[in-house]
Amino acid sequence: MDNSLDIDQTGVIVVDVQGDFTILKQGSLAVQDTDQSYIDKVLAATKQLKSKGYKIFATQDFHPQNHVSFYTNHKNKAVYEIIEVDGRTQILWPPHCVRGSENANILIDNDLFLAIIQKGMNSKYDSYSGFFDDGGIKTGLDELLKSYKLDTLIIYGLATDYCVKATAMDAIKSGFKVFLIENLCKGVADDTSKSALKEMKLAGIKIIPVISDII
Ligand code: VGL
Ligand code: ZN
């Protein structure tokens with residue numbers, strides 16, 4: 001397996017490292033093991049990548065108050081219930097990453113990023129992927145990365161089984177070579193995170209245990 005990286009052609013996507021997904025900030029959708037030491041590891045790896053010259057991007061889940069994914073916006077529905085909306089499957093989450101709220105903020109220094117791609121802003125569609133929402137509308141991330149002539153991506157963040165998986169799978173579909181840094185990703189649940197890793201591997205995504213294995 002050739003894991004050598006060309007810095008000029010490799011971008012980094014830090015997925016949804018936001019207060020509401022962390023235990024550290026007592027987030028509404030806190031993912032297990034997202035304590036200070038996790039954020040410190042993400043910050044250190046991102047700084048190291050930036051200092052080596054990799055181009056760094058972030059995604060940010062950024063919902064309006066009336067978003068379709070919030071259980072509070074559906075009558076007689078419980079949190080984590082799965083419903084059908086216009087023929088699509090929708091998991092009903094606690095309200096999270098509401099635009100303008102403190103816990104929508106990205107927890108690592110925003111100056112590290114060349115751009116922050118916001119997603120899930122349309123109240124009618126969820127968007128786990130940083131590339132497209134559930135209505136198939138592009139976020140602009142693909143064009144942005146290609147404008148920098150990038151063909152390879154290093155991806156990590158939250159959550160392994162939802163937004164990291166969806167972003168990495170769409171990256172592969174968009175023609176990028178993808179490296180996923182396993183210890184910089186945390187998942188909502190163990191079983192879905194395990195199957196997400198399997199699915200990503202099958203799709204051709206390289207699962208790398210720690211960042212020092214590739215840089
Ligand atoms: C995410 C659930 C709902 C994620 C976003 O970032 O993985 N999960 N919205
Ligand atoms: Zn969300």
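Four donors around a metal count as tetrahedral if all angles lie between 85 and 135 degrees, and as square planar if opposite donors are over 155 degrees apart and all others between 65 and 115, while anything else is irregular. This is a predicted model, in which local features need pLDDT of at least 70 and side-chain atom pairs pLDDT 80 or more. Residues are numbered from 1 along each chain, and hydrogens and water are left out.

The zinc ion (ligand 2) has 4 donor atoms with angles of 87 to 170° among them, and its site is irregular. Asp61 (OD), His63 (NE2) and His96 (NE2) coordinate this zinc ion at 2.0 to 2.2 Å, where donors are N, O and S atoms within 2.8 Å of the metal.

Asp61 and His96 also belong to the residues around ligand 1, that is, those with a heavy atom within 4 Å. Polar contacts, which are pairs of N or O atoms within 3.5 Å, link oxygen atoms of ligand 1 to the protein as follows.

| Residue and atom | Distance to an oxygen atom of ligand 1 |
|---|---|
| Asp16, polar side-chain atom | 2.7 Å |
| Cys163, polar backbone atom | 3.0 Å |
| Leu158, backbone N or O atom | 3.5 Å |

Taken alone, ligand 1 exposes 250 Å², and the protein buries 99% of that, with areas from the Shrake-Rupley method and a 1.4 Å probe.

Methods: Chains are lettered from A and ligands numbered from 1 in the order in which they are written. A polar contact is a pair of N or O atoms within 3.5 Å; within protein, one must be able to donate a hydrogen and the other to accept it, and residues adjacent in sequence count only if both atoms are side-chain atoms. Donors are N, O and S atoms within 2.8 Å of the metal (3.2 Å for Na, K and Ca); water is not among the atoms, so sites may look incomplete. Four donors count as tetrahedral if all angles lie between 85 and 135 degrees; four count as square planar and six as octahedral if opposite donors are over 155 degrees apart and all others between 65 and 115; anything else is irregular.
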